Amino acid sequence: MKKRILSLALALLMGLSLSACTSKDAESSVASDTQSSEQTEASTQSSKAVESSVDEAATSTGVTVKLGGLKGPTTIGLVKLLDDAAQNKTANSYDFTMSTMPDEIVPKLLSGELDIIAAPVNLGSVLYNKSNGKVRMLAINTLGVLYVGEKGSEDIKSIADLKGKTIYATGKGATPEYVLSKLLSANDMDINKDVTVEWMSEPTEVLAAVKNADSAVALLPQPFMTAAQAQVEGFNSVLDLSAEWDKLDGAGRLVTAGFFTTEDYLEKNKEAVDAFLEDYRASSTWINDEQNAEEAAKLIEAQDIVKAPIAQKAIPFCNITDIVGEEMKTATEGYLTVLKEFDPAAIGGELPGENFYYVQPADQ
C-alpha cells in the first residue's frame with residue numbers, strides 16, 4: 001500500500017510540473033532531466049518529502065494489533081474482521097494467532113506476546129487476580145455455545161439423566177468444566193463422583209472418540225456439535241446447556257468468552273483498542289446476518305475452524321455477540337458470582353474490581 005501511494009504521489013508531482021507538455025515532449029523532458037544534476041537533486045528531495053509524508057499517513061491510520069483467539073466460536077466472530085484487514089479495510093492491522101486451548105494464549109497476554117485475546121470469561125478474571133488487577137475486559141463476544149450430544153441411545157432428557165455416564169469433553173479448567181459442574185451440582189450430583197469425564201485437548205479428539213464408540217455422550221461447543229451430528233451416524237444433540245443454565249435461580253446469563261487486554265496496553269493504545277472494538281462490532285454484525293451465511297461459512301473454513309457446510313449450519317447456534325460497557329459488566333459479574341459460589345478458584349479467588357471492566361463514557 002505504501003509503495004502504491006508513493007508511486008501515485010510521485011506521478012502527481014511529475015504530472016503537475018510537466019502539464020504543459022505533450023506525452024512525447026514529457027518523455028523527452030524526463031530523459032533530459034535525468035541528465036541534469038540540479039534537477040536530479042531536486043527530484044530526490046521531492047521524493048524524500050513525499051516518502052516522509054506517506055510514512056506519517058501510514059502511521060496515523062492505525063497500528064498492528066497482535067490478536068489471539070481460540071479455534072471455535074470466539075474466532076468465528078472475528079473472521080470478517082480478519083478478511084477485511086487482509087484487504088486493508090480496517091483501521092488497524094492484525095497479526096492473528098489461533099490456538100486450540102486457552103492455556104496456549106492466555107499467558108501470552110501478560111508476557112506481551114499478544115495485545116488482545118479472546119478467551120473464556122472466567123480465565124479473564126483469573127488473569128486479573130494473577131496480575132494484581134492489570135487486565136481489562138473489553139467486551140463479551142460469545143454467549144452460551146455448549147451442548148450435550150448422545151450416540152446409541154435416547155436416554156438423556158435432562159441433566160439428571162447424566163448420572164453414571166461417561167462424558168467425552170474438552171475445556172478442563174475453563175468454561176465447559178465449570179458450567180457442567182454447576183449444572184450437575186444444581187441437580188444434586190458431583191462431577192468427580194456421579195459422572196466420569198474424559199477430558200481431551202480439543203474438540204476433534206472428542207469427535208474421534210464418539211466415532212469409535214458404539215454408544216457415547218459428549219459435551220461439545222458449536223460449531224463442533226454440528227460437525228459431530230453431520231459426521232457421526234446416530235449422534236444427536238440432546239441438551240442445550242444455555243437453556244439448562246437459564247433454569248437456575250439467580251444465575252444470570254451464561255457468558256462464554258470475551259476480549260481482554262492489559263492496563264498498560266490500553267493506556268498506550270486506547271485509539272487502537274477502540275478501533276478494534278468497532279472493527280469487531282462490524283464483523284460480528286455481518287456474521288450474524290443470515291444473508292451473509294454462505295460467504296461467512298467460507299471465511300470460517302479459510303481460518304481452518306470447520307468446513308463451510310458445517311459452519312453455515314452452526315452459525316445460528318454459536319451465539320456470537322458484541323456486548324460492551326455496563327451491559328457487559330452486569331452480565332459478567334452475575335456469571336462470575338455464580339462460579340465463585342461454586343468454586344472460587346474458577347475465577348482466581350475473588351471477583352474482579354470495578355477497573356476490570358472497560359466502560360467508555362458513552363457506554364455509561
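This report walks through a predicted model of one protein chain, from its overall make-up to a few spots worth finding on screen.

**Overall picture**

Start with the whole chain. It has 364 residues, and 48% of them count as buried. Its secondary structure comes to 16 helices and 11 strands. If you look at contacts with a separation of 6 or more, 78% of them come from residues 24 or more positions apart.

**Around leucine 78**

A handy place to zoom in is leucine 78, in the loop between helix H4 (73–76) and helix H5 (79–86). Is leucine 78 buried or exposed? With a relative accessible area of 0%, leucine 78 is buried, because the cut-off for that class is under 20%.

What does leucine 78 touch, leaving aside residues up to four places away in sequence? The list is Leu67, Phe96, Phe259, Phe276, Tyr280 and Ser283. Take serine 283 from that list: it sits 205 residues from leucine 78 along the chain, yet the two C-alpha atoms are separated by 6.2 Å.

**The aromatic cluster**

Three of those neighbours, Phe259, Phe276 and Tyr280, turn up again when you look at ring pairs. The structure holds 7 aromatic pairs. A pair of aromatic rings is described by the distance of the centres and the angle of the planes. Two of the pairs share phenylalanine 259, and here is how they look:

| Ring pair | Distance of centres | Angle of planes | Type |
|---|---|---|---|
| Phe259 and Phe276 | 4.9 Å | 90 degrees | edge-to-face |
| Phe259 and Tyr280 | 4.7 Å | 75 degrees | edge-to-face |

Why do both get the edge-to-face label? Their planes are at 90 degrees for phenylalanine 276 and 75 degrees for tyrosine 280, and the label applies because planes over 60 degrees apart count as edge-to-face.

Both pairs also bridge elements. Phenylalanine 259 belongs to strand E10 (residues 255–262) and phenylalanine 276 to helix H13 (residues 270–288), so this pair links distant parts of the chain, 17 residues apart. Tyrosine 280 is in helix H13 too, so its pairing with phenylalanine 259 in strand E10 ties together parts 21 residues apart in sequence. As for exposure, phenylalanine 259 and phenylalanine 276 are buried, and tyrosine 280 is buried as well. Add Tyr94, and ring pairs link Tyr94, Phe259, Phe276 and Tyr280 into a cluster.

Another ring to look at is tryptophan 286: lysine 80 lies over its face, at 4.7 Å from the ring centre.

**The cavity**

How many cavities of 30 Å³ or more does the structure hold? There is 1, and the largest cavity has a volume of about 310 Å³. Its lining is made up of 21 residues, with Leu70, Pro73, Pro120, Pro176 and Pro221 lying nearest the centre. The elements giving two or more residues to that lining are H4, helix H8 (175–186) and E10. Sorted by class, the lining has 13 nonpolar, 7 polar and 1 charged residues.

**Backbone oddities**

Most residues other than glycine have a negative phi, and most peptide bonds are trans. Here are some spots that go the other way.

- The peptide bond from glutamine 222 to proline 223 is cis, with omega near 10 degrees. Proline 223 is in the loop between strand E8 (216–221) and helix H10 (224–231).
- Aspartate 188 is not a glycine, but its phi is positive, near 60 degrees. You'll find aspartate 188 in the loop between H8 and strand E7 (196–200), and at 71% relative accessibility it counts as exposed.
- Asparagine 319 also has a positive phi, about 55 degrees, without being a glycine. Asparagine 319 lies in the loop between helix H15 (308–314) and strand E11 (320–323). With a relative accessible area of 31%, asparagine 319 is partly exposed.

**Serine 242, a neighbour of asparagine 319**

Asparagine 319 is in contact with serine 242, which is placed in helix H11 (residues 241–246). Serine 242 counts as buried, at 12% relative accessibility. Beyond residues up to four places away in sequence, serine 242 also touches Gly144, Val145, Leu146 and Leu254.

Note on methods. Residues are numbered from 1 along each chain as its sequence is written. This is a predicted model: local features need pLDDT of at least 70, side-chain atom pairs count only at pLDDT 80 or more; totals for chains, interfaces and linings use all residues. Side-chain values use heavy atoms; hydrogens and water are left out. Helices (H or I, at least four residues) and strands (E, at least two) are DSSP runs, numbered from the N terminus. Buried means under 20% relative accessible area, exposed over 50%, partly exposed in between (1.4 Å probe, protein chains only). Contact means heavy atoms within 4.5 Å. Rings of Phe, Tyr and Trp (its six-membered ring) pair if their centres lie within 6.5 Å; planes under 30 degrees apart count as stacked, over 60 as edge-to-face and the rest as tilted. A charge sits over a ring if NZ of Lys or CZ of Arg is within 6 Å of the ring centre and within 35 degrees of the ring normal. On a 1 Å grid over the protein atoms alone, a cavity is a set of points where a 1.4 Å probe fits but cannot get out, and a pocket is an open set with protein on both sides within 12 Å along at least five of seven lines; lining residues have an atom within 4 Å of a point. Grid points are joined across faces, edges and corners, and a volume is the space filled by probe spheres set on the points. Ala, Val, Leu, Ile, Met, Phe, Trp, Tyr, Cys and Pro count as nonpolar, Asp, Glu, Lys and Arg as charged, and the others, Gly among them, as polar.
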